[in-house]
Amino acid sequence: MNINFKQSGFIKILLASVAMTFPIFMLYILTGSHEKLTVIGVALYPIVTLTLCIVAIVFQKRLRSSEEITKQKDLLLKTVNNLYAAASLEELISILQSILYDYFNRENIVHVLDLNTNIFLDPFVFPEGDSPLLSKEERGLAFAVYADVIHSPRKGNTGFYCPIFSKNQVYGIIGIKNIPSLQDDEISFLQAIATQMGLILEYQSLYTNHANMILESEREKLRSNLLRSISHDLRTPLAGILGSASVLEDSRHQLDDATNRKLLSGIIEDCQWLMRMVENLLSVTTMQDANVALSKTTEVAEEIIGTAVSRIRKRFPNYEITVRTPEDILLVPMNPTLIEQVIINLIENAVKHGGADTHIHLNLKEVDAHAVFEIYDNGVGIAPKDLPHLFDGSLIHAEKSADSTRGFGLGLSLCMSIVEAHDGYMVASNNLDGGAIFRFMLPLREEKKHERQKNIAN
């Protein structure tokens with residue numbers, strides 16, 4: 001005959017009770033000179049035995065209950081540690097559902113809000129597949145729990161549902177198959193996990209809000225820098241266009257052809273510069289839209305460089321540009337239009353500030369899981385006092401005349417913003433042999449959202 005744990009435990013208790021009371025019983029029998037005493041001893045034996053059995057059983061149940069509570073506490077601690085280590089909301093839910101299934105050995109479902117949009121995501125079912133928990137009635141009951149936390153948890157025909165909440169915010173609902181019905185200790189454990197899940201989602205929500213506030217602050221800073229740059233950078237070419245056009249209108253017949261062509265060339269050059277300024281502003285508008293994530297695709301970096309250099313050579317055919325790329329193709333997650341704009345702005349910057357005999361180099365290489373783009377020249381370099389302010393949009397070269405080379409202005413501030421939006425970074429310095437060098441680095445893999453938020457927050 002097979003004896004399970006509970007049966008064998010009861011037998012041990014019964015034998016122990018008999019062993020404890022048997023000496024008393026024998027004492028009454030052996031000293032039974034008084035019949036009444038013997039009768040009392042015989043009568044007391046089963047009563048004492050039964051009492052001891054009851055006490056032992058109650059003690060064992062309490063011991064088992066204590067062991068179960070300890071087991072649940074250990075599992076809950078392990079669960080919380082695993083949940084906090086999750087890298088994304090999807091991974092968080094996956095870990096939660098695996099733990100629930102291992103403990104209960106039942107189907108479970110999680111309805112959860114997207115922390116950014118506050119809209120429910122599609123339900124997560126474990127194991128995946130058709131489930132009665134997805135029925136219209138069960139989903140209605142789950143959302144009733146979401147709407148009325150006070151009267152939760154609730155039981156349905158198939159599932160048992162409890163809310164995932166913290167303080168006054170409800171983040172979702174956990175449902176678990178309730179056939180057969182859950183025991184009280186199982187319900188308590190489920191509610192404890194739901195509470196911990198709510199605390200974790202509250203933490204992530206606060207984290208996301210904090211990161212968004214910092215991003216909004218950066219956007220506001222960029223907008224202020226753009227306004228300062230635009231007010232300066234647009235004034236110079238517009239003044240040149242207005243002056244040249246006025247001279248042509250009033251005196252074109254008195255001027256020789258060479259002078260007229262020079263004035264027209266100046267107007268065309270200033271118009272082209274304004275067009276590039278508008279392209280930069282459109283790029284900024286794309287990045288400043290808080291509701292649109294930066295669209296990235298995996299691109300061949302060499303092709304993006306080739307396109308940018310081709311456009312620059314059409315505008316500046318007299319400048320020598322040398323490009324060096326690695327033998328292996330370098331695939332980089334990026335927005336190709338914006339990164340091409342960065343490369344164009346940096347090369348154009350070298351052309352404008354390097355001098356007529358400037359030789360421009362563009363190198364691409366891989367360093368520490370980053371694609372490193374280097375643009376450098378052999379020109380006059382950057383004034384030491386300007387180096388700390390190259391990318392903040394605050395450089396205003398008031399000492400320049402209308403015909404002089406324009407300041408750094410919007411271009412470098414925009415370049416830094418674009419690179420940072422790609423989770424990269426940019427630096428600038430002067431070469432020991434003369435000229436300036438700009439480097440920007442882009443990660444070769446997409447950074448996960450929680451990592452990006454953590455880096456921003458830090």
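Reader: Is Arg315 buried, partly exposed or exposed?
Author: This is a predicted model, in which local features need pLDDT of at least 70 and side-chain atom pairs count only at pLDDT 80 or more, while totals for chains, interfaces and linings use all residues. Residues are numbered from 1 along each chain as its sequence is written, and side-chain values use heavy atoms, without hydrogens and water. Buried means under 20% relative accessible area, exposed over 50%, and partly exposed in between (1.4 Å probe, protein chains only). Because its relative accessibility is 27%, Arg315 counts as partly exposed.

Reader: With which residue does Arg315 meet in a salt bridge?
Author: Side chains of opposite charge can pair when their charged atoms come close. A salt bridge here is a side-chain nitrogen of Lys or Arg within 4 Å of a carboxyl oxygen of Asp or Glu. At 3.6 Å, N to O, the side chain that meets Arg315 is that of Glu348.

Reader: How far apart in sequence are the parts that Arg315 and Glu348 tie together?
Author: Helices (H or I, at least four residues) and strands (E, at least two) are DSSP runs, numbered from the N terminus. Glu348 is buried, with a relative accessible area of 10%. Arg315 lies in helix H8 and Glu348 in helix H9, so the parts tied together are apart in sequence by 33 residues.

Reader: Which salt bridge partner of Lys296 links distant parts of the chain?
Author: Lys296 is partly exposed, at 22% relative accessible area. The closest N and O atoms of its salt bridge are 3.6 Å apart. Lys296 sits in the loop between helix H7 (257–288) and strand S6 (297–300), and its partner, 127 residues away, in the loop between H10 and strand S11 (425–430). That partner is Asp423.

Reader: How many salt bridges does a search of the whole structure find?
Author: Asp148 and Arg154 form one of them, with their closest N and O atoms 3.1 Å apart. Lys365, Glu374 and Arg439 are linked in a network of salt bridges. For the whole structure the search gives 8.

Reader: Which element supplies the largest share of the largest nonpolar core?
Author: A nonpolar core is a set of buried Ala, Val, Leu, Ile, Met, Phe, Trp, Tyr and Cys residues joined through side-chain atoms within 4.5 Å. The largest has 40 residues, and those with the most contacts inside it are Ile343, Leu346, Ile347, Phe373, Met426 and Phe440. Elements that each supply at least two residues include helix H8 (301–315), helix H9 (336–354), strand S10 (370–376) and strand S12 (436–443). The largest share, 9 residues, comes from H9.

Reader: Which residues does Leu346 touch, not counting those up to four places away in sequence?
Author: A contact is taken as heavy atoms within 4.5 Å. Leu346 is among the residues with the most contacts inside the largest core. Beyond four places in sequence, Leu346 touches Ile375, Leu412, Cys415, Met426, Phe438 and Phe440.

Reader: How many residues does the second, separate core have?
Author: Leu83, Tyr103, Phe104 and Leu190 are included in this core. Its total comes to 26 residues.

Reader: Is Asn363 buried or exposed?
Author: Asn363 is found in strand S9. Leaving aside neighbours within four places in sequence, it is in contact with Arg324, Val372, Phe373, Glu374 and Tyr376. Because its relative accessible area is 13%, Asn363 is buried.

Reader: Which strands stand at the edges of the open sheet?
Author: Strands pair if DSSP finds at least two bridges between them. 5 strands form the sheet in the order S2-S1-S5-S4-S3, with antiparallel pairing. Each edge strand has a single partner strand, so one side of each is left without a neighbour in the sheet; the two are S2 (124–126) and S3 (154–155).

Reader: Which residue in S2 is the bridge partner of Ile109?
Author: Strand S1 (residues 108–112) and S2 pair in the antiparallel sense over 3 bridges. In S2, the partner of Ile109 is Val125.

Reader: What accessible area do Tyr84, Leu199 and Tyr203 have together?
Author: Patches are made of residues with over 30% relative accessible area and no salt bridge, with like charges joined within 9 Å and nonpolar side chains (Val, Leu, Ile, Met, Phe, Trp, Tyr) within 5 Å. Accessible areas come from the Shrake-Rupley method with a 1.4 Å probe, and for residues only the protein chains shown count as cover. Tyr84, in helix H2 (residues 35–84), is partly exposed at 43% relative accessibility. Together the three form a nonpolar surface patch with an accessible area of about 300 Å².
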